[in-house]
Amino acid sequence: SWEEESEPGKQYNAEETYINNVHNLVSAPSGEYLTLSQGEHTYPLKFILPPNLPSSFIGKYGSVTYVVKATLKEDKRFGLSTMITSEPFLVLRKLNLDEDPTLHKEIVRTAEKRLWGTVCFCMSGKVAATLTMNKTGHLPGEDIFMDAEISNSSPRTVKAVQAAIIMHSTFNARSKVRSNSQIVNKKRDDWEMAYGEGRRWKNVRLTIPPYIPESRLDGCDIVDIRYELLFKVEISGNNELRISIPIVVTPRSAI
């Protein structure tokens with residue numbers, strides 16, 4: 001849910017229930033009262049979660065959360081109240097990366113940007129970059145390995161190079177959609193590259209955080225998630241050269 005800044009007081013929201021099961025661990029026969037003796041009493045419970053539950057997720061405008069709750073209803077004749085205790089738990093849904101062989105393949109992307117001089121606009125040149133990533137399908141906690149080559153043949157100065165894993169979340173409140181993007185990890189190198197200079201990244205690692213929801217958030221119809229690796233070359237004069245590669249994230253196993 002959220003409120004639009006342009007519509008004060010107007011709230012957009014949506015809600016889904018994925019599981020709601022109640023189990024009686026112990027109860028008295030109909031019409032009778034159950035008396036428990038003093039001491040500890042243990043009542044084991046085993047429940048298999050449905051396979052189509054969306055993964056746990058906490059976002060800016062919405063979340064998917066799970067909780068197990070235990071309720072003890074005491075005898076009202078003695079003025080006792082109902083006792084409730086609860087505990088949240090994490091659900092991580094596994095995607096099958098083997099269904100798409102392309103997710104295991106190396107990928108190469110190139111980009112270039114023509115820039116003009118700040119003093120003499122008759123001078124121009126290009127900043128070029130090539131990014132190589134080992135694969136596009138990844139597990140939480142796994143390392144992305146990258147090679148990059150940057151060359152500056154422009155009259156501008158390259159200021160820095162950065163690679164970031166970005167999570168894009170889309171929240172659908174039926175009649176309104178709101179999106180949010182956040183960096184979940186990044187690597188940044190600050191250096192200056194003048195005309196004719198170049199720089200290389202070799203086998204640079206960028207780790208995917210261990211506890212993030214899977215791509216797409218299957219099973220949830222009101223929240224969608226996608227990831228990208230964004231490689232950015234920062235250039236003087238507020239210029240940028242960007243390379244974007246979509247990536248897929250899947251948990252190792254369900255908990």
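A charge counts as sitting over a ring if NZ of Lys or CZ of Arg is within 6 Å of the ring centre and within 35 degrees of the ring normal. Keep that in mind for this predicted model, and select Lys10 with Tyr12: the lysine lies over the face of the tyrosine, 5.3 Å from the ring centre. Next, pick Arg199 and Trp191. Here the arginine lies over the tryptophan face, at 4.1 Å from the ring centre.

**Rings**

Stay with Tyr12 and add Trp2, Phe57, Tyr61 and Phe171. Ring pairs link these five residues into a cluster. The count of aromatic pairs comes to 6.

**Whole chain**

Zoom out and switch to a cartoon. You'll find 15 strands and 0 helices. Along its principal axes, the C-alpha trace spans about 95 × 45 × 30 Å. The radius of gyration is 27 Å, while a compact globule of 255 residues would have one near 18 Å.

**The open sheet**

Now colour strands 9, 15, 14, 11 and 12. In what order do they sit? The order is 9-15-14-11-12, in an open sheet with mixed pairing. Strand 9 (137-138) and strand 12 (177-193) are at the edges with a single partner strand each, so one side of each has no neighbour in the sheet.

Select 158-172 to get strand 11, which runs antiparallel to strand 12 and is joined to that strand by 14 bridges. For one rung of this ladder, show Ile165: its bridge partner in strand 12 is Asn185. Follow the chain from strand 11 into strand 12 and you go round a hairpin with 4 residues between the strands. Stop at Arg174 in that turn and check its phi, which is positive at about 65 degrees.

Move over to strand 14 (223-235) and strand 15 (239-249). This pair is antiparallel too, over 9 bridges. Click Leu229 and look across to strand 15, where Ile245 stands opposite.

**The second largest pocket**

Last stop: select Ser56, Phe57, Ile58, Tyr211 and Pro213. Of the 15 residues lining the second largest pocket, these are the closest to its centre. The space in this pocket is about 210 Å³. Phe57 may look familiar, as one of the rings in the cluster you selected earlier.

Which strands each supply at least two residues of the lining? Strand 3 (57-58) and strand 6 (83-89) do. Colour the lining by class to finish: 12 residues are nonpolar, 3 are polar and none is charged.

Definitions and conventions: Residues are numbered from 1 along each chain as its sequence is written. This is a predicted model: local features need pLDDT of at least 70, side-chain atom pairs count only at pLDDT 80 or more; totals for chains, interfaces and linings use all residues. Side-chain values use heavy atoms; hydrogens and water are left out. On a 1 Å grid over the protein atoms alone, a cavity is a set of points where a 1.4 Å probe fits but cannot get out, and a pocket is an open set with protein on both sides within 12 Å along at least five of seven lines; lining residues have an atom within 4 Å of a point. Grid points are joined across faces, edges and corners, and a volume is the space filled by probe spheres set on the points. Ala, Val, Leu, Ile, Met, Phe, Trp, Tyr, Cys and Pro count as nonpolar, Asp, Glu, Lys and Arg as charged, and the others, Gly among them, as polar. Two strands pair if DSSP finds at least two bridges between them. Rings of Phe, Tyr and Trp (its six-membered ring) pair if their centres lie within 6.5 Å; planes under 30 degrees apart count as stacked, over 60 as edge-to-face and the rest as tilted. The radius of gyration is taken over C-alpha atoms; the globule rule is 2.2 Å times the number of residues to the power 0.38.
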